Amino acid sequence: SGLAGLFAPDFAVGTALSNTTLLGQNPSLESLVAREFSAITAENAMKWEEIHPTADSWDWQRADYFVEYGQRTGMYTIGHTLVWHSQMPEWVFIDQDGKPRPKAVVQKAMEEHIAAVAGRYRGRIQAWDVVNEAVTDDGKWRESHWYNTFGEDYFSRAFHLAREVDPKAELLYNDYNMTIPAKRDFALAQIQKFRKQGMPIEGVGMQAHVHLSEPEIAKLEASIEAIAAAGLEVHITELEVDVLPKAYDYMGAEISTNFEYSDELNPFRDGLPQKVADQLAARYESLFNLFLKHKDKIRRVSLWGTTDAESWKNDWPVVGRTNYPLIFDREGRPKEAYYSVAGLK
Ligand code: XIL
């Protein structure tokens, strides 16, 4: 039903569940999600620091709730994420004396983590973001603790292990700024190299944290085509349209070196002007038009949250802004952007 029902013949339409939605804290949002979407990702609940905060403690509460919700509502349920540099507890890389832990120890921690998490939810997760954000915008391996400790092998090991632990889940690589050719081409070349050596992977998630006019549709299209040409499924992930002035430029360089709140960076705190609401609706319409054009390549389109109230873009990269990046308003009512997307069908 809902929006996802309209697009069911084309691709799944998903959203992310925030921690404040899980554990029964927001029943009305739960029903809204069940009505409108066919796929879910946990915004934070499955990240390492949440689930595995110290070497011998696990906190499964939110992740369990998320997976059970997915089963109960028949969702395509995505696990996010097994191996990432961010939202990582320090113990994985640094010992009690503050010294870097040796390669074998870090590798074992990664293997045990994947076995525990993917193993717990085996058969109930349809796709895993196995590795997240491993490549820099200029097309190199990100020098994360993972990479610095055991080199590029961590990437393929994570995929091999995920497949062993949950053979039926689709395995994905997920990253942002995949419209930057150097970044995308490097990521795809590495994936192809590892695949030739037997690494399992089904698709690439293109995080779509976009703005009103950037990146251009043509750039997004070139990336969808490049991923598909490499023989991989395209997953549009983490979609939202930031309507606020940028505190950083698209290539990641800082425009404002000062990430502190200023009224200038929060122009719509009293409400979104009609003109911008129209721009937002038009942007969503052209994005979904593009996705429909390439529906043979696209498995899923997932928004990064349901209502404007819960979007991380209110607080990132500047805390305390009033953003309007999603398709439901702060009260959970469909916005003009929702109707422009629905109107395509
Ligand atoms: C973000 C969440 O939305 C925030 O709540 C959290 O504080 C930081 O992480 N790329 C990803 C996501 O893969 O996991 C990130 O999610 C956004 C960028």
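Let's start inside the sheet: Gly 79 has Trp 128 in strand S4 as its bridge partner. Keep in mind that this is a predicted model.

**Strands**

Gly 79 belongs to strand S3, which covers residues 76-83. How many of the residues of S3 are buried? Eight of its eight, so to speak a mostly covered strand. On one pairing, S3 teams up with S4 (residues 127-132), and on another with S2 (residues 39-42), as the table shows.

| Strand pair | Bridges | Direction |
|---|---|---|
| S2 and S3 | three bridges | parallel |
| S3 and S4 | four bridges | parallel |

In the pairing with S2, Ala 39 sits opposite Tyr 76 of S3.

**Two helices**

Now for some helix packing. Two packed helices are described by the angle between their axes and the distance between the axes. Here, helix H5 (residues 103-120) and helix H7 (residues 153-165) have axes that come within 9 Å and cross at roughly 35 degrees. The crossing of H5 past H7 is right-handed.

Which residues of H5 and H7 meet? From H5 come Met 110, Glu 111, Ile 114, Ala 115, Ala 118 and Gly 119, while H7 brings Tyr 154, Ala 158, Leu 161, Ala 162 and Val 165. Sorted by class, this contact has nine nonpolar residues, one polar and one charged.

**The ligand**

Finally, have a look around the ligand. Its surroundings are made up of Glu 43, Asn 44, Asn 132, Gln 207, Glu 238 and Trp 312. Split by class, this shell has three polar residues, two charged and one nonpolar.

Note on methods:
Residues numbered from 1 in each chain as written. Predicted model: local features only at pLDDT ≥ 70, side-chain atom pairs only at ≥ 80, totals over all residues. Near = placed C-beta within 6 Å. Nonpolar A, V, L, I, M, F, W, Y, C, P; charged D, E, K, R; others polar. Axes fitted to C-alpha atoms, helices over the stretch in contact; angles between N-to-C directions. Helix = DSSP H or I, 4+ residues; strand = E, 2+ residues; numbered from the N terminus. Left-handed = near helix turned anticlockwise from the far one by under 90°. Contact = placed C-beta atoms within 7 Å. Buried ≥ 20, exposed ≤ 12 C-beta atoms within 10 Å, placed from the backbone. Pairing = 2+ DSSP bridges.
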